[in-house]
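Please look over the structure shown here, and use the briefing that follows as a guide to its sheet, its core and its aromatic residues.

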Amino acid sequence: MTPTRRNGRRAAAAAVLALAVAGCGIRGTSVPVDAGGAPTRVSCKAPAIPARPDASGESTSTIVYLVCGSALAQVERAVPPAKGADPRLPTARALLDELRRKPSADEEKAGFSSALPQDLKVSGPRDGDPSDALRLSIRPDDLPSFALAQLVCTYGASTALGRTHAAVLGGPGDDTAHRYDCSADVLANPDIAENAGWGDPLSEES
């Protein structure tokens, strides 16, 4: 076979290959493509935490809500039982401490984190507030949306706070406290806190 004929057949074969690639919708490239590693999956299931006794030998476990992915999920934490005639404020402070605490190694491995500011504080109701109101050192609407959702759902799940699936929260100023409900939508989409209307104003009879 002559060199000219051989070169012609090679050119024709290359043209057929190019048409086949184009017909499959694949664009040829001479640059290697790195698709990266496989996406990391997290379980969002933290291991159960054994009850932690206090100085008197008593202990209790409670549920807090941490961020996992784009939603909130339950994590069990061991806390000492609240003492005194009214356990509401000590409980609220203990739960806030748990939300501000760095997740354990097992919790981080499962994908958990927390959005609560480290400088956030909570105090009891003021004169004129409902008895179940709690006052925060930062206006609720000024908190990151995930942080507010964590706080509302954690307080709403607490037996000592009434397990109301809601929290009545106010800020440091004179604004009226509002009721924030921990709904399934809030758990699945904590960014709902950024939407106007979350947090119902309380009536004067509340």
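Which residue in strand 5 is the bridge partner of Ser123? The bridge partner of Ser123 in strand 5 is Arg135. This is a predicted model, in which local features need pLDDT of at least 70 and side-chain atom pairs count only at pLDDT 80 or more, while totals for chains, interfaces and linings use all residues. Residues are numbered from 1 along each chain as its sequence is written, and side-chain values use heavy atoms, with hydrogens and water left out.

**Confidence**
- The chain has a mean pLDDT (the predictor's confidence in each residue, from 0 to 100) of 78, and 69% of its residues reach 70 or more.
- Over residues 2–39 the pLDDT is below 50, and this stretch has 4 contacts (heavy atoms within 4.5 Å) beyond near neighbours in sequence.
- Where pLDDT is low, the predicted coordinates should not be read in detail.

**Sheet**
- Five strands (DSSP runs of E, at least two residues, numbered from the N terminus, as helices are from H or I runs of at least four) form an open sheet of 5 strands in the order 4-5-6-7-8, with mixed pairing.
- Strand 4 and strand 8 stand at the edges with a single partner strand each, so one side of each is left without a neighbour in the sheet.
- Strand 4 pairs with strand 5 (pairing needs at least two DSSP bridges) in the antiparallel sense, over 2 bridges.
- Lys121, in the loop between strand 3 (112–113) and strand 4 (122–123), is exposed (over 50% relative accessible area, with buried under 20%, partly exposed in between, and a 1.4 Å probe on protein chains only) at 54% relative accessibility.
- Not counting residues up to four places away in sequence, Lys121 touches Leu96, Arg135, Leu136 and Ser137.

**Nonpolar core**
- The largest nonpolar core (buried Ala, Val, Leu, Ile, Met, Phe, Trp, Tyr and Cys joined through side-chain atoms within 4.5 Å) has 36 residues, of which Leu151, Val152, Tyr155 and Leu169 touch the most other members.
- Helix 4 supplies the largest share of this core, 8 residues.
- Leu169 touches, among others further than four places away in sequence, Leu151, Val152, Tyr155 and Tyr180.

**Aromatic pair**
- The whole structure holds 1 aromatic pair (ring centres of Phe, Tyr and the six-membered ring of Trp within 6.5 Å; planes under 30 degrees apart are stacked, over 60 edge-to-face, the rest tilted).
- Tyr180 and Trp198 make this edge-to-face pair, at 5.3 Å centre to centre and 75° between the planes.
- Tyr180 lies in strand 7 and Trp198 in the loop between helix 5 and strand 8, so the pair ties together parts that are 18 residues apart in sequence.
- Tyr180 is buried at 3% relative accessibility, and Trp198 is buried at 14%.
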